[in-house]
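Visitor: I should like to take a close look at a single part of this model, namely the place where two of its chains meet. Please describe that part in detail and set it in its context.

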Protein chains: 4
Amino acid sequence: MTNEERAQRIVSKMYDNDPFSRWLGVERLKTEPGHCVLRMTVRREMLNGFGIAHGGITFSLADSAFAFASNSRGRHAVSIDTSISHMVSLKEGDVITATAIEEQLSHRIGHYRVEVRNEAGEMVALFRGIVYRKSQEWE
Amino acid sequence: MTNEERAQRIVSKMYDNDPFSRWLGVERLKTEPGHCVLRMTVRREMLNGFGIAHGGITFSLADSAFAFASNSRGRHAVSIDTSISHMVSLKEGDVITATAIEEQLSHRIGHYRVEVRNEAGEMVALFRGIVYRKSQEWE
Amino acid sequence: MTNEERAQRIVSKMYDNDPFSRWLGVERLKTEPGHCVLRMTVRREMLNGFGIAHGGITFSLADSAFAFASNSRGRHAVSIDTSISHMVSLKEGDVITATAIEEQLSHRIGHYRVEVRNEAGEMVALFRGIVYRKSQEWE
Amino acid sequence: MTNEERAQRIVSKMYDNDPFSRWLGVERLKTEPGHCVLRMTVRREMLNGFGIAHGGITFSLADSAFAFASNSRGRHAVSIDTSISHMVSLKEGDVITATAIEEQLSHRIGHYRVEVRNEAGEMVALFRGIVYRKSQEWE
């Protein structure tokens, strides 16, 4: 099995058993070792008191992309710290894409950056996440 | 109207129109100027591929507490940056409480800290948020 | 040797061999396991182009307090991520105190919070740091 | 005066009056609106108790690049929040370069990313900073 095939297999296993990513309506556009692209559409039930997408929605999409990208390397990866800056607000019907890339990977620690963009290509949120990489391998 | 009454009124207005906080099942336990306590229960549809609460769930609860606490000061407050560290994982049925306190408030910027704890009182996540305070007042 | 004695011994060893903390003029006010209080005075050579203390000065003091507090637990602790928000600007002659406390400690990860305050007791900066705890013990 | 000339002029004014950047031995390699590249060499007095560069040194270089890049846009920019992850440790004699780029610029808020690399081109630290942009223009 190549690294690419293993990445696909791990992320499929995670995704198939992830009820919240499914509630969000997350689609997988791309999976490679250390890299992942996801897409979803903002629905009415995802809005906050300002009539725009709740900050937790964009965070959740980015966090899923981060989890998939970091685990796709083959070992169980758990989130140590994550941050997000919201730059452009989102309304019902907006389609957003989250692209996770690996900034740095060491034996125990991995750093990831996730850009969330709208259909116009504007960066609507910038997410950064750090994982601790356990010894345990994905089967 | 006292500051306490105004805080209650603003947060009620935000909460009554927040479909995502309602989907989460957020209950308001306390609202004071710059301060807010919320509670919710982890449901099956909030889990991720590891069978524990998705990171976006804890973030969303903390982000709501942060938004309520910062806006309760009277002026529209928008999130500039937020971060969260997950310390203890959560399973279906766990009841979690988010307590937002104000670290610092200046004319344009506010800093908030949100502790999320489980029923045993353990800190399950630590959230920190910064807002930009607009000139626009809540009616 | 008690945990308190070991903490003192480790931090003395770190401090005695730390040329930059010495350049800063850092004084140790308190050392306990997971806890540390440091003090220093802002000098002219520590100012930036606005005539106030360079952001790196407050960061450095807080980062030293964080390193001492986390290593005082007995195992080598390396910084994974740190952040700082500057709230009040400092001028030449200001005396600042950094107090590091442990938010959470697990086998591999430790979370610390450092408050930097001026002589008036105002919070001038809020620092947060996360360490990875190696297996290697301090001798 | 073009935007490029104004950026040069502002950063020269900041740099000429910045005693700490001078103590660090910071050289300016490039200045453009929203962008800045700086270089320095790690000296013995910049080391910590592990015999490697104190975390405050790398932070300070990155923070200077961030301050120059954000102010070069023409208005006074003050730091709201900054974070840094240290990835590779530095020893005496290492030459490091900090490259600040603008992630996003709005009327009141600017987001910057600073990569610090060693002579081998490895990323030794990743810094992120957010500014509040005052109305006041640089003369």
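Guide: What follows is an account of the contact between chain A and chain B, with the chain itself described beforehand.

The model is a predicted one. Chain A contains three helices and six strands, and from the N terminus its elements follow the order α-α-β-β-α-β-β-β-β. A compact globule of 139 residues would have a radius of gyration near 14 Å, and the 15 Å of chain A therefore agrees with that expectation. The C-alpha trace of chain A spans about 45 × 25 × 25 Å along its principal axes. Of the 139 residues in chain A, 47% count as buried. Among contacts in chain A between residues at least 6 apart in sequence, 67% join residues at least 24 apart.

We now turn to the interface. In it, 28 residues of chain B are in contact with 28 residues of chain A. On the chain B side, at least two residues each come from helix 1 (3–16), helix 2 (19–24), helix 3 (55–71) and strand 3 (75–86). Strand 3 of chain B gives the most to this side, with eight residues. Sorted by class, the side of chain B that touches chain A holds 11 nonpolar, 12 polar and five charged residues.

Strand 3 of chain B also takes part in strand pairing across the interface. Strand 3 (residues 75–86) of chain A pairs with strand 3 of chain B in the antiparallel sense, over three bridges. Within this pairing, A:S83 stands opposite B:S83, and A:I84 stands opposite B:T82. In general, strands of a sheet pair through backbone hydrogen bonds, in either a parallel or an antiparallel manner.

The wider setting of this pair is an open sheet of 12 strands with antiparallel pairing, in the order 1(A)-2(A)-4(A)-5(A)-6(A)-3(A)-3(B)-6(B)-5(B)-4(B)-2(B)-1(B). Strand 1 (27–32) of chain A and strand 1 (27–32) of chain B stand at the edges; each has a single partner strand, so one side of each is left without a neighbour in the sheet. Direction ignored, neighbouring strands of this sheet are turned by 20° against each other on average. At the chain A end, helix 1 (residues 3–16) of chain A lies across strand 1 and strand 2 (35–41) of chain A, and runs at about 145° to strand 1 of chain A.

Chain B also has a contact with chain D, in which six residues of chain D meet six residues of chain B. Strand 3 (75–86) and strand 6 (123–137) of chain D each give two or more residues to the chain D side. That side has four nonpolar, no polar and two charged residues.

How values were computed
Residues are numbered from 1 along each chain as its sequence is written. Chains are lettered from A and ligands numbered from 1 in the order in which they are written. This is a predicted model: local features need pLDDT of at least 70, side-chain atom pairs count only at pLDDT 80 or more; totals for chains, interfaces and linings use all residues. Two residues are in contact if their C-beta atoms, placed from the backbone, lie within 7 Å. Helices (H or I, at least four residues) and strands (E, at least two) are DSSP runs, numbered from the N terminus. Ala, Val, Leu, Ile, Met, Phe, Trp, Tyr, Cys and Pro count as nonpolar, Asp, Glu, Lys and Arg as charged, and the others, Gly among them, as polar. Two strands pair if DSSP finds at least two bridges between them. Axes are lines fitted to C-alpha atoms, for helices over the stretch in contact, and angles run from 0 to 180 degrees between N-to-C directions. The radius of gyration is taken over C-alpha atoms; the globule rule is 2.2 Å times the number of residues to the power 0.38. A residue is buried if 20 or more other C-beta atoms lie within 10 Å of its own, exposed if 12 or fewer, and partly exposed in between; C-beta atoms are placed from the backbone.
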